[in-house]
Amino acid sequence: MDAGAPVRATPWLKSADPAQWPVAPGWQDLVAHFWATRHGQSLRSFLSQRVAEHAVIYPPQPLRALSLTPPDAVRVVILGQDPYHGPGQAEGLAFSVAPGVPVPPSLRNIFKELSRDLGVPVPDNGSLVRWAAQGVLLLNAVLTVEDGAAASHAGRGWEVLTDAVIKACSEQGSDKVFLLWGAHAQKKAALISPRHQVLMANHPSPLSASRPPVPFIGCGHFRRANEWLLAHGREPVMW
């Protein structure tokens with residue numbers, strides 16, 4: 001599948017079969033182990049029930065972040081909380097929306113800070129596939145949500161998988177940059193080894209982006225991430 005192609009064929013989740021959700025080879029063992037655990041089996045049972053009840057669940061490919069960004073390619077990890085719950089928004093990458101979908105407020109602030117920090121022109125769409133293709137793992141803590149119901153799948157088991165992914169990123173491979181925006185993401189700092197660069201700021205939501213203690217607008221994380229990568233012999237991200 002073309003990494004740059006929008007996920008349009010199936011606008012919502014039609015099956016709770018993980019075999020229909022491809023991941024990069026480097027993630028396969030970790031993901032297969034999760035589905036074999038009681039947490040994974042419980043989550044799959046829950047999703048199967050909700051699909052059978054004709055719930056509209058987004059995104060159509062919950063594991064897309066693990067498909068586009070193999071573990072050995074990860075340079076930067078950006079942690080989100082929950083997929084967007086509006087029709088056609090979520091495309092399986094934290095903060096990202098499918099091409100042609102209006103850019104949500106948090107993502108507008110991300111682009112605003114990127115432009116302020118690095119002078120990057122504001123993109124003409126909200127898809128962050130180009131980041132994922134460069135080794136930026138765009139990982140939500142919860143990987144599915146029901147239409148119009150934020151956090152509706154929180155606490156169902158996804159967090160066990162995504163915590164395992166964060167730990168794997170911390171324990172394996174080269175040094176990385178972790179961008180933790182907002183209190184929820186910052187709780188994951190305990191999973192990350194001190195050898196990595198961890199940058200924290202408020203969430204980019206309009207409710208918090210310009211407020212203390214660490215305003216997102218003005219945080220300079222994009223420049224700081226690239227400077228750290230260069231200092232550690234890694235290629236910077238073309239944000």
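Pocket, sheet and salt bridges: questions on a predicted model

Author: In this predicted model, helix α7 gives the most to the lining of the largest pocket, supplying three residues. Both β2 and α7 (183-186) contribute at least two residues each to that lining.

Reader: How many residues line the largest pocket, and which lie nearest its centre?

Author: The lining comprises 28 residues, and those nearest the centre are Q81, D82, Y84, F95 and H203. The volume of this pocket is about 430 Å³.

Reader: What makes R44 and D17 a salt bridge?

Author: A side-chain nitrogen of Arg has to lie within 4 Å of a carboxyl oxygen of Asp or Glu, and for R44 and D17 the N to O distance is 3.5 Å, so the pair qualifies as a salt bridge. R44 belongs to helix α2 (residues 38-52) while D17 sits in the segment before α1 (25-36), so the bridge ties together parts that are 27 residues apart in sequence.

Reader: Why are R44 and D17 called partly exposed?

Author: The class lies between the limits of 20% for buried and 50% for exposed; R44 has a relative accessibility of 37% and is therefore partly exposed, and D17, at 25%, is partly exposed on the same scale.

Reader: How do you know that R116 and E113 meet in a salt bridge, and where do they lie in helix α4?

Author: Their N to O distance is 2.8 Å, which is within 4 Å, so the definition is met. The two residues are three apart in helix α4 (residues 105-118), and therefore about one helical turn separates them.

Reader: Is E113 buried or exposed, and what is the class of R116?

Author: E113 has 0% relative accessibility and counts as buried, because the limit for that class is under 20%. R116, with a relative accessible area of 45%, is partly exposed.

Reader: What makes D117 and R223 a link between parts of the chain that are apart in sequence?

Author: The side chains of D117 and R223 form a salt bridge at 3.6 Å, N to O. D117 lies in helix α4 and R223 in helix α8 (residues 221-231), so this bridge ties together parts that are 106 residues apart in sequence. D117 is buried at 7% relative accessibility, whereas R223 is partly exposed at 37%. Salt bridges with shared partners join E113, R116, D117 and R223 into one network, and the structure as a whole holds nine salt bridges.

Reader: Why are β3 and β6 called edge strands?

Author: The open sheet has four strands in the order β3-β2-β5-β6, paired in parallel. β3 (136-140) and β6 (197-201) each pair on one side only, and they are the edge strands of this sheet. From one strand to the next, the twist averages 20 degrees.

Reader: How do you know that β2 and β5 pair?

Author: Pairing needs at least two bridges between the strands, and β2 (residues 76-80) and β5 (residues 177-181) are joined in the parallel sense over four bridges, so the condition is satisfied. Within this pairing, I78 has L179 in β5 as its bridge partner.

Reader: Which strands does helix α6 lie across, and at what angle does it run to β3?

Author: Helix α6 (residues 158-171) lies across β2, β3 and β5, and its direction makes an angle of about 155 degrees with β3.

Notes
Residues are numbered from 1 along each chain as its sequence is written. This is a predicted model: local features need pLDDT of at least 70, side-chain atom pairs count only at pLDDT 80 or more; totals for chains, interfaces and linings use all residues. Side-chain values use heavy atoms; hydrogens and water are left out. Buried means under 20% relative accessible area, exposed over 50%, partly exposed in between (1.4 Å probe, protein chains only). Axes are lines fitted to C-alpha atoms, for helices over the stretch in contact, and angles run from 0 to 180 degrees between N-to-C directions. Contact means heavy atoms within 4.5 Å. On a 1 Å grid over the protein atoms alone, a cavity is a set of points where a 1.4 Å probe fits but cannot get out, and a pocket is an open set with protein on both sides within 12 Å along at least five of seven lines; lining residues have an atom within 4 Å of a point. Grid points are joined across faces, edges and corners, and a volume is the space filled by probe spheres set on the points.
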